[in-house]
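Trainee: I'd like to learn how to read a structure like this one, feature by feature. Can we start with the cysteines?

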Amino acid sequence: MTRYGAQFGPNITFLGIPAIDVDDAKALAAADVVIVGAPFDGGTSFRAGARFGPSAIRGTDYLPHDGSRPSLAMRTDGLKELNVVDMGDVEMFSGDAKTACESLEKVIEKISNANAIPIVLGGDHTITWPDVTGVAKARGWGKVGVIHFDAHADTGDITFGSLIGHGHPMRQLIESGACRGDRFIQIGLRGYWPEAETLKWMSDQKMRSYEMTEITARGFEICLDEAIKLAMTDCDAIFLSVDVDVVDPGSAPGTGTTCATRNGCGDWFAPFPPC
Ligand SMILES: [Mn+2]
């Protein structure tokens, strides 16, 4: 597997955990969790730059990169108690979405087949299509529940004449059968999209979307408990997908397509937020 190495900054691992070559079957078999960089932003419809995400996430912590992060609340150190390793970045040229997604899917399938958990650092949300497809190929087609945190549904059909893009992955996964629509749970949708036609498609798939208006009215913990229970019913695996734009734009103003509302009540689009 080709690594970008220092293409997007220093060639470091996540918090100093050990590096792994995913083509090393013995090392992969010993892994519990594999960090995967997916430096792809060819699917963005507005501002690009998410290709720098994996390197930024790996390098942002100011504490020593010693492969250890104890939790006071949990009295555990996940990086020590599990064998967590970093394979570096998958080669994903943002000008060739099809090849890039195929490369990522193969890596995720390989890691899943080794019974390790892939944690993928994006990259724009296009990557959820190859990510979940790879897991479903390994763990069971149609047997993967998805919990998707996002301001947006990402169930669009075509953008700029392309079926591949950051607004489409959830539709692609349901249409292919990799996931069941009725086990596809969305949390945090707000703002101005999607339009009625796409909302009808989502309803036809029996998707369950907890919009911010519902979360505000009923409480987050109640909604989250329901979501986890539903996503796990009749499924053999769970895939968690988090788009950073699900948080208040004040906490992530540099994301590519924000959706600035307070609890889903207002609605304004910020084309040039400060970053
Ligand atoms: Mn989003």
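Mentor: Sure. A disulfide here is a pair of cysteine sulfur atoms within 2.5 Å. Keep in mind that this is a predicted model.

Trainee: How many disulfides does that rule give?

Mentor: The count is zero disulfides. Take Cys235: it is in no disulfide, and the nearest cysteine sulfur, that of Cys179, sits 8.2 Å away.

Trainee: Is Cys235 buried or exposed?

Mentor: Buried means under 20% relative accessible area. Cys235 has 13% relative accessibility, so it counts as buried. Cys223, at 2%, counts as buried too.

Trainee: On to the metal. Which residues coordinate the manganese ion?

Mentor: For a metal, look for donor atoms: N, O and S within 2.8 Å. The manganese ion is coordinated by Asp150, His152, Asp243 and Asp245, at 2.2 to 2.6 Å. His152 contributes ND1, whereas the aspartates use OD atoms, with Asp245 listed twice. Along the chain, the donors follow the spacing D-x1-H-x90-D-x1-D.

Trainee: Why does the pair His152 and Asp245 tie together parts that are far along the sequence?

Mentor: His152 lies in the loop between strand E4 (144–149) and helix H6 (169–176), while Asp245 is in the segment after strand E7 (237–242), so the pair links parts 93 residues apart in sequence. Both His152 and Asp245 are buried.

Trainee: E4 and E7 came up there. How should I read the sheet?

Mentor: The general idea is that strands of a sheet pair through backbone hydrogen bonds, either parallel or antiparallel. In this case, four strands form an open sheet in the order E6-E5-E4-E7, with parallel pairing. E6 (208–211) and E7 stand at the edges with a single partner strand each, so one side of each has no neighbour in the sheet. On average, neighbouring strands are turned by 15° against each other, direction ignored.

Trainee: How many bridges join E4 to E7?

Mentor: Six, and the two strands run parallel. One bridge pairs Phe149 with Val242 in E7.

Trainee: Which helix packs on the sheet, touching E4 and E7?

Mentor: That is H5 (residues 128–139), whose direction makes about 170° with that of E7. Helix H9 (residues 220–232) lies across E4, E5 (184–189), E6 and E7, at about 155° to E4.

Trainee: And the chain as a whole?

Mentor: It has nine helices and seven strands. A compact globule of 275 residues would have a radius of gyration near 19 Å, and the chain's 18 Å agrees. Buried residues make up 48% of the 275.

Technical notes:
Residues are numbered from 1 along each chain as its sequence is written. This is a predicted model: local features need pLDDT of at least 70, side-chain atom pairs count only at pLDDT 80 or more; totals for chains, interfaces and linings use all residues. Side-chain values use heavy atoms; hydrogens and water are left out. Donors are N, O and S atoms within 2.8 Å of the metal (3.2 Å for Na, K and Ca); water is not among the atoms, so sites may look incomplete. Buried means under 20% relative accessible area, exposed over 50%, partly exposed in between (1.4 Å probe, protein chains only). Two strands pair if DSSP finds at least two bridges between them. Axes are lines fitted to C-alpha atoms, for helices over the stretch in contact, and angles run from 0 to 180 degrees between N-to-C directions. Contact means heavy atoms within 4.5 Å. The radius of gyration is taken over C-alpha atoms; the globule rule is 2.2 Å times the number of residues to the power 0.38.
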